[in-house]
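Colleague: Could you take me through one part of this model at close range? I'd like to look at helix packing and the empty space around it.

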Amino acid sequence: MVSRVRVWLNRTYAENVFFMDQLRRNPSDRAVEIHATHGDPDSPVLAAADTAELEPEGLSPAAYVEFALDQCQRRGIDVFVPRLHQSAIVAHRAEFEALGTALLAPPPEAVAVFHDKVIAYEAVQAIGVPVPPWWRVRTATELVTAVEALEADGQKACFKPASGAGGVGFRVITRSPFSMTQLSGFPSPYVPLDLVVEALESADAGVGVDWLVMPRLEQPEVSVDCLTGPDNLIRLAVGRTKNGRRRGFTLHEQWLEPARLIAEGFGLHYLSNIQFRMYGDRPVLMDVNTRPAGGLHQLSLCGVNAPWAAVQLALGEDPGEMAPPFLGQDYTVVSGPRPLRPVTLPPQRIEEPAEPLLPSVPAVAVEPSVAESVGSTGSSAAGALRL
């Protein structure tokens, strides 16, 4: 009898409820139990898991590794998919393996290269992958110099943290003064240059920035999801295209070839996500994620279960080279409800009144069914909808 597989996801994105769904609906018909931990008790991944715990706050990376080792030992984890403190965790791979836990993450050298976007750009450029022009900026003077150089070339400047994930901290520089335009409609990523310079110059001495300034890249954006074995060979590579609301899939080599060079050249074992955009008439690298992308589950529209194939690789069960049997039609992403774990309110303090209260007006009776329905029982998570 084939034993069940125990998988742990730590402090991951809400979208990974779909990652978990795919593990359970694996084509091998293997029993999978999922453990999840998070700092937010209302994370939908906690409700979607078979077992769940809240993570302690304020742990240093070293202390978090000890927490993770304890979780793996107590929970009998077969495969650990680390997101939080990934770099610290992969440095202790041998200790996890001694417990019988496989880490579904690249080796520490690969994680280190792509933790810093400047180091990453220099490294991939050296193997022939095109990157956009970029400046590393830490002061107001450096920022103005970079912006002026881009504008002189007819480009619109933007900046983002040199390290970080997703679109956190991304802003587009504008010369337009702050006005009511910025206060109408939805918040915009555009920020006036003079306000950014003023903020940098007035910041406290201990507050510094480490930004990457580059031209605003054009669509389409293509995220290539890669599955790479410990032998540094690609098993699967599929591009997910994004152009405004419209999403789709591609196997065009202009996107897949540079993604393979990066994934195989730097040993991005298991699941990684490599993002490109257009600079003029050619694709250039935008970012490299050494973890599964939040949108990885969308490959199910191409008949591919990438999460399960990655778990197989981690367990030493090589699925071999994979290709999607078809490319799904274009789609968009919409929100939908997901259940949350029950939350018990803390005991409420009842104070005795200092003086007798005046008689009150009798309260209007409330039907029990109405009263019981009050409260939050759902959370929004993104799912794919075909166009």
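What follows is a walk around one helix, then outward to the spaces and cores of the model.

Modeller: Happy to! Please keep in mind that this is a predicted model. Let's start with α6, which spans residues 108-115. Its buried residues are Ala110, Val111, Val113 and Phe114. Seen down the axis of α6, these residues fall within an arc of 160°, so they line one face of the helix. On the other side of α6, Glu109 and His115 are exposed. The cover over the buried residues of α6 includes α4, α7 (117-126), α10 (253-265) and β15.

Now for the open space. The second largest pocket holds about 410 Å³. It has 18 lining residues, and Arg83, Gln86, His115, Ala165 and Thr290 are the closest to its centre. So what does our helix have to do with this pocket? Here α6 is one of the elements that each supply at least two residues of the lining, along with α4 (86-90) and β15 (282-289). His115, then, is exposed on α6 and is also among the residues closest to the pocket centre. By class, the pocket lining has seven nonpolar, seven polar and four charged residues.

Next come the enclosed spaces. The whole structure has three cavities of 30 Å³ or more. Phe114, one of the buried residues of α6, helps to line the second largest cavity, together with Lys117, Ala120, Tyr121, Leu285, Asp287 and Val288. The elements giving two or more residues to that lining are α7 and β15. This second largest cavity contains about 40 Å³ of space, and its lining divides into five nonpolar, no polar and two charged residues.

The largest cavity has about 50 Å³. Its lining consists of Thr12, Tyr13, Asn16, Val81, Pro82, Arg83, Arg291 and Pro292, which by class are four nonpolar, two polar and two charged residues. Arg83 appears in this lining and also among the residues closest to the centre of the second largest pocket.

From there we can step into the cores. In soluble globular proteins, nonpolar side chains tend to be buried together. In this model, the largest nonpolar core has 39 residues, of which Val7, Leu23, Leu104, Leu271 and Val311 touch the most other members. Elements giving two or more residues to this core include β1 (5-10), α1 (17-24), β2 (32-38) and β14 (270-279), while α11 gives the most, with seven residues. Another core, of 34 residues, lies apart from it and has Phe114, Val118, Ile262 and Ile274 among its members. Phe114 thus brings us back to our helix, as one of the buried residues of α6.

Within the largest core, Val7 is a good residue to inspect. Leaving out residues up to four places away in sequence, Val7 touches Leu23, Val32, Glu33, Ile34, His35, Val79, Val81 and Val311. Val81 is also part of the lining of the largest cavity.

For a second helix to set beside α6, try α9, residues 193-202, where Leu193, Val196, Val197 and Leu200 are buried. Down the axis of α9, the buried residues fall within an arc of 100°, so they line one face of that helix. Their cover includes α8 (140-152), β7 (157-161), β8 (171-174), β9 (190-192) and β10 (211-215).

How values were computed
Residues are numbered from 1 along each chain as its sequence is written. This is a predicted model: local features need pLDDT of at least 70, side-chain atom pairs count only at pLDDT 80 or more; totals for chains, interfaces and linings use all residues. Side-chain values use heavy atoms; hydrogens and water are left out. On a 1 Å grid over the protein atoms alone, a cavity is a set of points where a 1.4 Å probe fits but cannot get out, and a pocket is an open set with protein on both sides within 12 Å along at least five of seven lines; lining residues have an atom within 4 Å of a point. Grid points are joined across faces, edges and corners, and a volume is the space filled by probe spheres set on the points. Helices (H or I, at least four residues) and strands (E, at least two) are DSSP runs, numbered from the N terminus. Ala, Val, Leu, Ile, Met, Phe, Trp, Tyr, Cys and Pro count as nonpolar, Asp, Glu, Lys and Arg as charged, and the others, Gly among them, as polar. A nonpolar core is a set of buried Ala, Val, Leu, Ile, Met, Phe, Trp, Tyr and Cys residues joined through side-chain atoms within 4.5 Å. Buried means under 20% relative accessible area, exposed over 50%, partly exposed in between (1.4 Å probe, protein chains only). Contact means heavy atoms within 4.5 Å. The arc is that of the directions from the helix axis to the C-beta atoms.
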